[in-house]
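This report describes side-chain packing and charged contacts in a single model. The sequence and structure are shown first.

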Amino acid sequence: MGKIEWAMWANEQALAAGLILLTGGIVGVAGQFRDWEFAAYGVAAGFFVCLLEYPRGKRNKGTSMARTGQYCLTVCVKVFGPLTSNYYIRALLHAVICVPGAFILPTVLGCVCLAIASIIYLIAAIRGERWVPILPTKETGKPSGAGIEEPPQNPPPRPPVEVRRKRLEDLEGAAYVNPIPVTANEM
């Protein structure tokens with residue numbers, strides 16, 4: 001069996017936790033819960049966690065798929081260097097962020113999920129994983145449509161060329177004569 005990359009799990013868990021924390025914070029503020037200030041904190045913390053966790057890191061195997069539109073956030077996260085690429089720091093950051101949200105009911109679930117993500121990040125850090133950004137690379141080679149001279153004429157599924165029915169224009173000279181003439185009255 002292959003080696004488990006804990007950081008990928010932690011990233012998905014933390015992103016989901018950020019969204020849950022953001023949603024719970026919005027519910028707490030809109031519902032004017034008692035101590036709704038903690039819910040307002042949940043909105044800000046959830047938004048921050050989502051911004052931090054949206055850019056996916058590169059996998060060790062090299063089979064990473066970047067999220068849609070993550071390039072701008074990847075550059076922003078990369079600027080902070082070891083503060084964002086070290087998983088010990090991320091684990092500690094998520095553990096600290098989740099504490100104030102535990103004081104109000106709408107944000108408790110987000111905080112529990114963030115605490116779990118913090119534990120998974122700690123496991124990833126112990127195993128020696130680091131966040132490496134996925135940056136676009138220039139692809140070398142010919143464009144994908146360079147080898148097609150003429151687009152296909154008939155819709156898929158297309159049978160092999162040998163089996164295809166010949167068109168009347170392709171036969172040139174060989175004409176098919178209908179043995180039963182069709183009259184205007186029969187149409």
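## Buried charges and nonpolar cores

Glu53 is buried, with a relative accessible area of 0%; buried here means under 20% relative accessible area, exposed over 50%, and partly exposed in between, with a 1.4 Å probe and protein chains only. The model is predicted, so that local features need pLDDT of at least 70 and side-chain atom pairs count only at pLDDT 80 or more, whereas totals for chains, interfaces and linings use all residues. Residues are numbered from 1 along each chain as its sequence is written, and side-chain values use heavy atoms, with hydrogens and water left out.

**Contacts of Glu53.** The side chains of Glu53 and Arg90 form a salt bridge with an N to O distance of 3.3 Å; the term denotes a side-chain nitrogen of Lys or Arg within 4 Å of a carboxyl oxygen of Asp or Glu. This pair connects distant parts of the chain, with Arg90 in helix H5 and Glu53 in helix H2, 37 residues apart. Helices (H or I, at least four residues) and strands (E, at least two) are DSSP runs, numbered from the N terminus. Arg90 also counts as buried, at 1% relative accessibility.

Glu53 has a further partner in His94, whose side chain it meets in a polar contact of 2.8 Å. A polar contact is a pair of N or O atoms within 3.5 Å; within protein, one must be able to donate a hydrogen and the other to accept it, and residues adjacent in sequence count only if both atoms are side-chain atoms. His94 is located in helix H5 and is buried, with a relative accessible area of 0%. Neighbours within four places in sequence aside, the residues in contact with His94 (heavy atoms within 4.5 Å) include Ala14, Val49, Leu114 and Tyr121.

**The network at Glu12.** Four salt bridges are found in a search of the whole structure. Glu12, Arg56 and Arg67 are linked in a network of such bridges. The table lists three of the pairs.

| Pair | Closest N to O distance | Citation |
|---|---|---|
| Glu12 and Arg56 | 3.1 Å | salt bridge |
| Arg67 and Glu12 | 2.7 Å | salt bridge |
| Arg90 and Glu53 | 3.3 Å | salt bridge |

Arg67 belongs to the loop between H2 and H3 and Glu12 to helix H1, 55 residues apart, and their pair links distant parts of the chain. Glu12 is partly exposed, with a relative accessible area of 38%, while Arg67 is buried at 12%. Arg67 also lies over the face of Tyr54, at 5.6 Å from the ring centre; the criterion is NZ of Lys or CZ of Arg within 6 Å of the ring centre and within 35 degrees of the ring normal.

**Nonpolar cores.** A nonpolar core is a set of buried Ala, Val, Leu, Ile, Met, Phe, Trp, Tyr and Cys residues joined through side-chain atoms within 4.5 Å. The largest one has 14 residues, and Tyr87, Tyr121 and Ala124 have the most contacts inside it. Helix H1 (6-30), helix H5 (87-98) and helix H6 (105-126) each give two or more residues to this core, and H6 gives the most, with five residues. Apart from this core lies another, of nine residues, including Leu21, Ala45, Cys111 and Leu114. Beyond neighbours within four places in sequence, Tyr87 is in contact with residues including Ala7, Tyr121, Ala124 and Trp131.
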